[in-house]
Amino acid sequence: MPESLESNKAYARIRDFDPQAIEDAREFRGEITIYIRSSRIRAICEFLRDMPDLNFKYLSDVTAVDLYPAEPRFEVVYHLRSLGPASTLRLK
(Lines give C-alpha, C1' and ligand atoms only; values in the text may rest on other atoms or scores of the structure.)
Protein backbone atom coordinates (compact mmCIF):
# COMPACT_ATOMS: atom_id res chain seq x y z
CA MET A 1 0.00 0.00 0.00
CA PRO A 2 1.56 3.34 -1.03
CA GLU A 3 2.23 5.79 1.75
CA SER A 4 0.98 9.36 1.57
CA LEU A 5 3.03 12.33 2.64
CA GLU A 6 0.53 13.25 5.36
CA SER A 7 0.81 9.82 7.00
CA ASN A 8 4.61 9.53 6.73
CA LYS A 9 6.07 9.37 10.25
CA ALA A 10 9.57 10.53 9.21
CA TYR A 11 8.20 13.61 7.46
CA ALA A 12 6.09 14.53 10.49
CA ARG A 13 9.00 14.04 12.88
CA ILE A 14 11.39 16.15 10.75
CA ARG A 15 8.75 18.87 10.48
CA ASP A 16 8.38 18.90 14.29
CA PHE A 17 12.14 18.74 14.92
CA ASP A 18 13.26 21.42 12.44
CA PRO A 19 10.52 22.84 10.19
CA GLN A 20 12.97 25.32 8.62
CA ALA A 21 15.07 22.42 7.27
CA ILE A 22 12.35 21.31 4.85
CA GLU A 23 12.26 23.10 1.51
CA ASP A 24 9.71 20.80 -0.10
CA ALA A 25 8.27 17.31 0.18
CA ARG A 26 6.59 15.13 -2.42
CA GLU A 27 4.95 11.76 -2.73
CA PHE A 28 5.06 9.99 -6.08
CA ARG A 29 3.92 6.41 -6.62
CA GLY A 30 4.09 5.72 -2.90
CA GLU A 31 7.66 6.98 -2.48
CA ILE A 32 8.40 9.95 -0.22
CA THR A 33 11.03 12.54 -1.17
CA ILE A 34 11.91 15.32 1.26
CA TYR A 35 13.98 18.27 0.07
CA ILE A 36 16.27 19.42 2.89
CA ARG A 37 18.29 22.64 3.05
CA SER A 38 21.93 21.74 2.43
CA SER A 39 23.04 23.44 5.64
CA ARG A 40 20.73 21.13 7.66
CA ILE A 41 21.22 17.77 5.91
CA ARG A 42 23.69 16.38 8.44
CA ALA A 43 21.54 17.29 11.45
CA ILE A 44 18.46 15.77 9.81
CA CYS A 45 20.30 12.54 8.91
CA GLU A 46 21.60 12.26 12.48
CA PHE A 47 18.11 12.88 13.83
CA LEU A 48 16.62 10.17 11.58
CA ARG A 49 19.37 7.75 12.59
CA ASP A 50 19.13 8.38 16.33
CA MET A 51 15.35 8.36 16.81
CA PRO A 52 14.50 4.82 17.99
CA ASP A 53 11.02 4.84 16.45
CA LEU A 54 12.45 5.88 13.04
CA ASN A 55 15.77 3.98 13.05
CA PHE A 56 17.04 5.10 9.61
CA LYS A 57 20.48 3.59 10.19
CA TYR A 58 21.12 2.23 6.71
CA LEU A 59 22.26 4.55 3.92
CA SER A 60 21.58 2.41 0.86
CA ASP A 61 23.13 4.87 -1.59
CA VAL A 62 24.15 8.43 -2.31
CA THR A 63 24.04 9.79 -5.81
CA ALA A 64 23.86 13.14 -7.57
CA VAL A 65 21.91 14.69 -10.41
CA ASP A 66 23.35 17.32 -12.75
CA LEU A 67 20.53 19.76 -13.50
CA TYR A 68 22.52 21.82 -16.03
CA PRO A 69 21.79 24.61 -16.96
CA ALA A 70 19.67 25.20 -13.85
CA GLU A 71 21.14 26.72 -10.70
CA PRO A 72 21.91 25.26 -8.29
CA ARG A 73 23.32 22.83 -10.79
CA PHE A 74 23.78 19.73 -8.65
CA GLU A 75 21.35 17.86 -6.44
CA VAL A 76 22.60 15.21 -3.98
CA VAL A 77 20.21 12.32 -3.34
CA TYR A 78 20.32 10.13 -0.20
CA HIS A 79 18.34 6.88 -0.01
CA LEU A 80 17.76 5.80 3.59
CA ARG A 81 16.32 2.56 4.92
CA SER A 82 14.87 2.03 8.37
CA LEU A 83 16.12 -1.02 10.25
CA GLY A 84 13.04 -0.99 12.46
CA PRO A 85 9.72 -0.73 10.73
CA ALA A 86 10.22 -1.44 7.02
CA SER A 87 10.46 2.02 5.50
CA THR A 88 12.50 3.87 2.90
CA LEU A 89 13.08 7.58 2.52
CA ARG A 90 14.69 9.77 -0.12
CA LEU A 91 16.33 13.03 0.92
CA LYS A 92 17.46 15.59 -1.64
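The following dialogue explains how several terms apply to this predicted model.

User: What should be known about the model and its numbering?
Analyst: This is a predicted model, in which local features need pLDDT of at least 70 and side-chain atom pairs count only at pLDDT 80 or more, while totals for chains, interfaces and linings use all residues. Residues are numbered from 1 along each chain as its sequence is written, and side-chain values use heavy atoms, with hydrogens and water left out.

User: Why is N8 called buried or exposed?
Analyst: Buried means under 20% relative accessible area, exposed over 50%, and partly exposed in between, with a 1.4 Å probe and protein chains only. N8 has a relative accessible area of 2%, and is therefore buried. N8 is placed in the segment before helix 1 (9-17); helices (H or I, at least four residues) and strands (E, at least two) are DSSP runs, numbered from the N terminus.

User: What makes the approach of the N8 side chain to the backbone nitrogen of A10 a polar contact?
Analyst: A polar contact is a pair of N or O atoms within 3.5 Å; within protein, one must be able to donate a hydrogen and the other to accept it, and residues adjacent in sequence count only if both atoms are side-chain atoms. The N8 side chain reaches the backbone nitrogen of A10 at 3.1 Å. A polar atom of that N8 side chain also lies 2.8 Å from the backbone nitrogen of Y11.

User: Why is the pair of F17 and F47 called stacked, edge-to-face or tilted?
Analyst: Rings of Phe, Tyr and Trp (its six-membered ring) pair if their centres lie within 6.5 Å; planes under 30 degrees apart count as stacked, over 60 as edge-to-face and the rest as tilted. The count by this rule is 1 aromatic pair. F17 and F47 stand 4.2 Å centre to centre with 10° between the planes, and the pair is stacked. The pair links distant parts of the chain, with F17 in helix 1 and F47 in helix 2, 30 residues apart.

User: How do you know whether F17 and F47 are buried, partly exposed or exposed?
Analyst: F17 has a relative accessible area of 41% and is therefore partly exposed. F47, at 11% relative accessibility, counts as buried.

User: How do you know where the buried residues of helix 2 lie around the axis?
Analyst: The buried residues of helix 2 (residues 41-50) are I41, I44, F47 and L48. They cover an arc of only 130° around the axis, taken from the directions from the helix axis to the C-beta atoms, so they lie on the same side of helix 2.
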